[in-house]
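Biologist: Could you take me on a close look at one part of this chain, and then show me how the rest fits around that part? Keep it relaxed, please, as I'm still new to reading structures.

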Amino acid sequence: SGKWHTAAKRFEAQSRVTLSGTTGAQLTADRLSWELETGKLLAEGNVVITDEGTRVTGQRLVGDTKLK
């Protein structure tokens with residue numbers, strides 16, 4: 001389930017969250033917090049990133065979606 005925090009411009013979700021990008025990349029995690037204004041992203045628990053045949057796994061990911 002997910003929740004949008006309007007004042008903070010933040011999206012939070014838990015219970016096996018999946019984000020899919022326009023290029024086919026995919027991020028899956030048990031919990032996700034994404035601050036849309038700053039681009040800061042935190043994924044925790046069974047994190048899996050797949051993109052063009054590459055698969056990366058871990059327990060925690062800290063990222064910035066505004067980086068090019």
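Modeller: Let's start with Leu61, which counts as partly exposed because its relative accessibility is 23%, and buried would need a value under 20%. Bear in mind that this is a predicted model, so everything here is computed from it. Leu61 sits in strand S5, which covers residues 54-64. Who does Leu61 touch, once we leave aside its neighbours within four places in sequence? The list is Leu27, Leu41, Leu42, Ala43, Val47 and Ile49. There's also a distance you can check on screen: Leu61 and Asn46 are 15 residues apart in sequence, and their C-alpha atoms are 9.9 Å apart in space.

Now hop over to one of those partners, Leu41. Skipping residues up to four places away in sequence, Leu41 touches Leu19, Leu27, Leu32, Ser33, Trp34, Leu61, Val62, Gly63 and Thr65. Leu41 also belongs to the largest nonpolar core, a set of eight residues. The other members are Ala13, Val17, Leu27, Ala29, Leu32, Ala43 and Val47. Which elements give two or more residues to this core? They are strand S2 (10-20), strand S3 and strand S4 (40-51). Go back to Leu61 for a second, and you'll see that its contacts include Leu27, Leu41, Ala43 and Val47, and those four names are also on the core's list.

Ser33 is another partner of Leu41, and you'll find Ser33 in strand S3, residues 26-35. Is Ser33 buried or exposed? Ser33 is buried, because its relative accessible area is 19% and the cut-off for buried is under 20%. Beyond its close sequence neighbours (those within four places), Ser33 is in contact with Arg10, Phe11, Glu12, Lys40, Leu41 and Leu42.

Stay in strand S3 and look at Glu35. With 35% relative accessibility, Glu35 counts as partly exposed. If you again ignore neighbours within four places, Glu35 is in contact with Lys9, Arg10 and Lys40. Glu35 and Glu12 are 23 residues apart along the sequence, yet 8.7 Å separates them in space, C-alpha to C-alpha.

Next, slide along to Thr50 in strand S4. Thr50 is partly exposed, at 26% relative accessibility. How far is Thr50 from Ala25 in space? Their C-alpha atoms are 5.7 Å apart, although the two residues are 25 places apart in sequence. Ala25 is also one of the contacts of Thr50, along with Gly24, Gln26 and Arg55, when neighbours within four places are left out.

Two residues deserve a stop for their backbone angles. Most residues other than glycine have a negative phi. Asn46, though not a glycine, has a positive phi of about 50°. Asn46 is in strand S4 and is partly exposed at 38% relative accessibility. Glu52 also has a positive phi, near 50°, and is not a glycine either. Where does Glu52 lie? Glu52 is in the loop between S4 and S5, and counts as exposed because its relative accessible area is 76%, where exposed means over 50%.

Now for empty space. Rolling a probe the size of a water molecule over the atoms shows where such space is left. The largest pocket has a volume of about 410 Å³. It is lined by 15 residues, and those closest to its centre are Leu19, Gly21, Ala25, Leu27 and Thr65. S3, S4 and S5 are the elements that give two or more residues to the lining. Sorted by class, that lining has seven nonpolar, six polar and two charged residues. You've met Leu27 before: Leu27 is in the largest nonpolar core and touches Leu61.

Finally, zoom out to the whole chain. How many helices and strands does the chain have? There are zero helices and five strands, so to speak a β-β-β-β-β pattern when you read along the sequence. Buried residues make up 19% of the 68 residues. The chain exposes about 4,900 Å², and carbon and sulfur atoms supply 51% of that. Among contacts between residues at least 6 apart in sequence, 21% join residues at least 24 apart.

Notes:
Residues numbered from 1 in each chain as written. Predicted model: local features only at pLDDT ≥ 70, side-chain atom pairs only at ≥ 80, totals over all residues. Heavy atoms only, no water. Helix = DSSP H or I, 4+ residues; strand = E, 2+ residues; numbered from the N terminus. Buried < 20%, exposed > 50% of the residue type's maximum accessible area, 1.4 Å probe, protein only. Contact = heavy atoms within 4.5 Å. Core = buried A, V, L, I, M, F, W, Y, C linked by side-chain atoms within 4.5 Å. Areas by Shrake-Rupley, 256 points an atom, 1.4 Å probe, with all protein chains shown as cover. 1 Å grid on protein atoms, 1.4 Å probe; cavity = no way out; pocket = protein on both sides within 12 Å on 5 of 7 lines; lining within 4 Å. Points joined across faces, edges and corners; volume = space filled by probe spheres on them. Nonpolar A, V, L, I, M, F, W, Y, C, P; charged D, E, K, R; others polar.
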